[in-house]
Amino acid sequence: KAYVPGAKPKAELEALDKELLELVAELQPTPEERQRQQDALEAVRSALVKRWPECKVHLFGSTANQLSICNNNDIDVCLELPGLPTDANTKGEIVEELGDLLMEAGMQNVLPLPKARVPVVKFVVGDNSVKVDITVNNILAIVNTKLLADYVKLDERLLQLCCIVKHWAKRRQVNDSYRGTLSSYCYVLMCIHLLQQRQPAILPCLQSLKPATFQRTVGQWMCDYYDDVEQLKGFGSANKESLSELVWAFFEHWAWKHDYNNAVVSVRTGGFLTKSQKEWTRRVGNERHLVCIEDPFELTHDLGRTVDRQTNGVLHKEFERAACVLRDLPSPLEKLLEPY
Ligand code: ATP
Ligand code: MG
């Protein structure tokens with residue numbers, strides 16, 4: 001059932017584009033929501049500086065890279081404690097202490113997870129019910145948030161595509177790395193990669209452009225890349241593809257074209273690597289490497305590693321469903337985004 005290019009009449013594509021862009025606009029957080037998030041951040045900051053006057057409190061994740069969508073008002077906060085050892089045990093201990101401190105400060109539903117891969121405290125700010133995740137010295141996340149934010153500045157189609165894909169993933173319940181599907185961060189990398197792969201390319205590969213105008217080393221990872229995005233304005237303008245074509249290309253790739261047996265998606269190189277190059281060919285512990293997405297900086301980290309055989313099947317079915325709906329229905333949006 002291969003796709004026949006051009007099978008969708010131009011009028012249908014144009015109508016779909018219009019609907020998709022309206023949806024993107026609706027999904028943007030309102031100024032009120034942004035304000036509530038800002039207020040929550042300030043409440044958290046004032047609780048933390050009392051205990052650690054020398055700390056820095058950073059916002060990262062979607063609220064910091066323009067990729068948040070409304071009604072999903074979690075904020076990701078990083079507590080930076082200069083001079084603290086960065087091993088997971090120490091972070092776990094800090095997370096326990098944070099839990100107590102946040103409870104005393106009146107935060108609600110405080111849940112410390114000191115043993116998580118990235119130790120975290122989850123809670124809700126009592127005054128305005130904004131949900132917060134705090135991690136400690138999570139410098140890689142601050143840096144990868146900046147990388148995503150820089151890509152977002154290059155071409156507006158990235159934000160639009162991410163918005164639709166994230167919304168679809170939430171509606172279809174395939175956006176939960178704790179349950180074996182993929183995180184929002186992973187979907188964003190998949191979108192960036194798609195735009196790097198278009199012919200002509202819509203996005204460059206910032207990590208292979210020279211010189212590296214942004215330089216930072218975090219632990220063993222070198223996080224250098226070209227971040228002078230002003231100089232790259234208009235990079236993708238030779239490519240005239242519209243949002244509906246890109247949404248289609250995304251699902252077509254993941255439904256039918258992706259080489260699940262061998263390929264590794266790599267935003268760092270702007271191309272595909274092989275599983276054998278990464279030594280991701282066999283299961284090690286719980287890491288199965290069925291869907292392989294390389295983290296742009298933490299190179300041993302496969303963001304798809306949480307996918308197991310069952311959830312791999314679920315994901316694949318959802319990608320196929322989306323692609324079929326887009327291909328076969330004249331007006332596919334409602335069905336595409338139907339809650340699971
Ligand atoms: P949402 O709007 O759904 O909350 P998000 O863009 O904030 O999406 P999350 O998946 O919540 O994405 O992740 C927040 C941030 O945490 C990411 O931007 C990234 O910096 C970091 N992050 C999340 N998961 C990983 C991971 N597996 N490895 C490295 N960094 C990660
Ligand atoms: Mg988030």
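**View 1. Where domain 1 and domain 2 touch in this predicted model.** Here, 17 residues of domain 1 are in contact (heavy atoms within 4.5 Å) with eleven residues of domain 2. Putting the two parts together buries about 1,200 Å², and carbon and sulfur atoms give 67% of that area. Buried area is the accessible area (1.4 Å probe) that two parts lose on being put together, summed over both.

**View 2. The two domains of the chain.** Domain 1 is made of residues 10–27 + 155–336, while domain 2 covers 31–140; such bounds come from an automatic or database domain assignment. Taken over C-alpha atoms, the domain centres lie 27 Å apart.

**View 3. A salt bridge between E298 and R117.** Look for the closest N and O atoms of this pair, which are 3.7 Å apart. A salt bridge means a side-chain nitrogen of Lys or Arg within 4 Å of a carboxyl oxygen of Asp or Glu. Across the interface of the two domains, the rule finds one salt bridge.

**View 4. The side of domain 1 that touches domain 2.** The elements giving two or more residues to this side are α1 (10–27) and α6 (156–171); helices are DSSP runs (H or I, at least four residues), numbered from the N terminus. With six residues, α6 gives the most.

**A note on reading these views.** Residues are numbered from 1 along each chain as its sequence is written, and chains are lettered from A and ligands numbered from 1 in the order in which they are written. Local features need pLDDT of at least 70, side-chain atom pairs count only at pLDDT 80 or more, and totals for chains, interfaces and linings use all residues, while side-chain values use heavy atoms, leaving out hydrogens and water.
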